[in-house]
Amino acid sequence: MHHPTARLSRRATAIPALLTLIILVTLPSGSAQSPDVTFEARVNAQVAIERIYYSHQIGTSRPFEEAVLRAVLEQKVRTYLKESVALEKFWNTPVTAEMLRAEVERMKRGSRAPERLREIFAALGDDPVLIQECLARPALVDRLVRNFSSYDQRIHAEARGRAEALRRGLLSGRVNPHVAHPNRIAVQVEVADRGTGGDRTRGWGDIAPGRGAGGLQAGVPPDVFQKWLDRLPPRIGDVGPLVEGREGFVTRVVLEKREGAVRFASFEVTKTSREDWWREVEGNLDERIRPSEEDGPMGATTGPQAAASACATDDTWDNGTLDDFPVPRRNHTAVWTGSHMLIWGGSFIPTHFADETYLNTGSRYDPATDTWTQVTTRNAPQARAGHTAVWTGGQMIVWGGRVSPSGTGFFYLNTGGRYDPLTDAWAPISTSNAPQGRWRPLAAWTGSVMVIWGGASPTAYLITGGRYNPATDTWSATSLVNTPSAR
């Protein structure tokens, strides 16, 4: 018996390159109602898609069937089917054929690797139904579920309640904005001193990044400084409104203010994470979905209550693509797998109006479909910046960096983690015999071990390093004989 994927592959190789290009550009819109696609057919299509990605992956050492387990791909299919059910059940938003066609067109328009996208289409037999259902649907429903759930008041009612109680405490005087608080971060923003290179600030002195007694300090251009002022209460001591963002609820209080400088306290309550919410509800969702019907655009079938509960309430615009762009950051890492770019960690730049400091978040970017997907934070390493990362052929390893979690100074880390993009899962790495923690070390992957060297400790530049073997999860030191100077 011939495997369905094998039939797709043979058909793909029989299509000349020019004909493939024509099919990509003139892909038909699809029938009035897409026929049902069985679970087995979806899994086979997922196998075909992942086989293309794997063929371009850098540093692979195992056959596809060993490296990419069918059970993992079955779980991927179950997840996007359940996400489709969630859209209709929680937000009255069934996925329509028109939505799927629009997603395919978005991928074709935005592709940064059109040849790769043509390979994927060919692997699916250039079948418009399979392309819509097995390539476009997973990307679309993941993006919509993340965006709807980010602003659903039913999910975040408890966090909103705590944020409102915190704001009432500020209004009544029970919470002192000048005193350390678990939800407080102090932020100082000044017009940059252009005479000193454009990024130095003048004023109340350095503020170590972090929560509690510390905070953030930034020197910004005059127009950005004015934007900060527009978002803050007009007078010293005034308590601002409760502002809802994608990640949490924020209330700001101005502490000090003078010409060209402002200092304020920002009180943030974090929302329930999408992952925690999904773990609670996915068990109650089945994998059966209606065929994608011609029932009009999304808005036509969205109830007013669901729409209201899923929209932002802070009178701001979201980006029009509803994409999972990563949060702006600096001192993060990026690795190229051959199929995707993986970014992770780093710190917020304060001029982007966010109150976070160090991050343990990341994203995967697929240039073939021009799609961002968030990296899980479950079991992720501690938030950090100035770390290092390598791609091993199957995993991204991150290590080192520093963080200032409480505003009392920097902690230099000798911890890390291994991230598998196929399963979207993190695993810790051993710290036994690991090098001392450091800021901005460099790392190289030899094909079997990660070698790190140099960087900065709290008191000095370093001439030490280490070799990490992910197969055995062990560290060994690098030699100190004839080392270069510290750097």
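Okay, let's start at one residue pair: Glu256 stands opposite Arg263 in strand 5. Keep in mind that what we're looking at is a predicted model.

That pair belongs to an antiparallel pairing, with strand 4 and strand 5 (residues 261–270) joined over 10 bridges. The hairpin they make has two residues between the strands, and Gly260 there takes a positive phi near 75 degrees.

Now look at the other partner of strand 4. Strand 3, which is just residues 243–244, also pairs with strand 4 in the antiparallel sense, over two bridges. Here Glu244 stands opposite Phe249 in strand 4, and the hairpin of strand 3 and strand 4 has three residues between them.

So how enclosed is strand 4? Eight of its 11 residues, in the run 248–258, are buried, so the rest of the structure largely encloses this strand.

Right, over to the helices. The largest nonpolar core has 44 residues, and Leu87, Trp91, Ile120, Leu124, Leu135 and Trp277 are the ones with the most contacts inside it. Helices 3, 5, 6, 7, 8 and 11 each put in at least two residues, and helix 8 gives the most, with 12.

Take Leu87. Setting aside neighbours within four places in sequence, Leu87 is in contact with Asn92, Thr93, Val95, Val141, Leu144, Val145 and Phe148.

Last stop, helix 6. This helix has 14 residues and reaches 20 Å from first C-alpha to last, close to the 20 Å expected. Helix 6 is mostly covered, with 10 of the 14 buried. The buried ones aren't just nonpolar, by the way: among them are Arg101, Glu103, Arg106 and Lys108, along with Leu100 and Val104.

Methods:
Residues are numbered from 1 along each chain as its sequence is written. This is a predicted model: local features need pLDDT of at least 70, side-chain atom pairs count only at pLDDT 80 or more; totals for chains, interfaces and linings use all residues. Side-chain values use heavy atoms; hydrogens and water are left out. A nonpolar core is a set of buried Ala, Val, Leu, Ile, Met, Phe, Trp, Tyr and Cys residues joined through side-chain atoms within 4.5 Å. Buried means under 20% relative accessible area, exposed over 50%, partly exposed in between (1.4 Å probe, protein chains only). Helices (H or I, at least four residues) and strands (E, at least two) are DSSP runs, numbered from the N terminus. Contact means heavy atoms within 4.5 Å. The expected span of a helix is 1.5 Å times one less than its number of residues. Two strands pair if DSSP finds at least two bridges between them.
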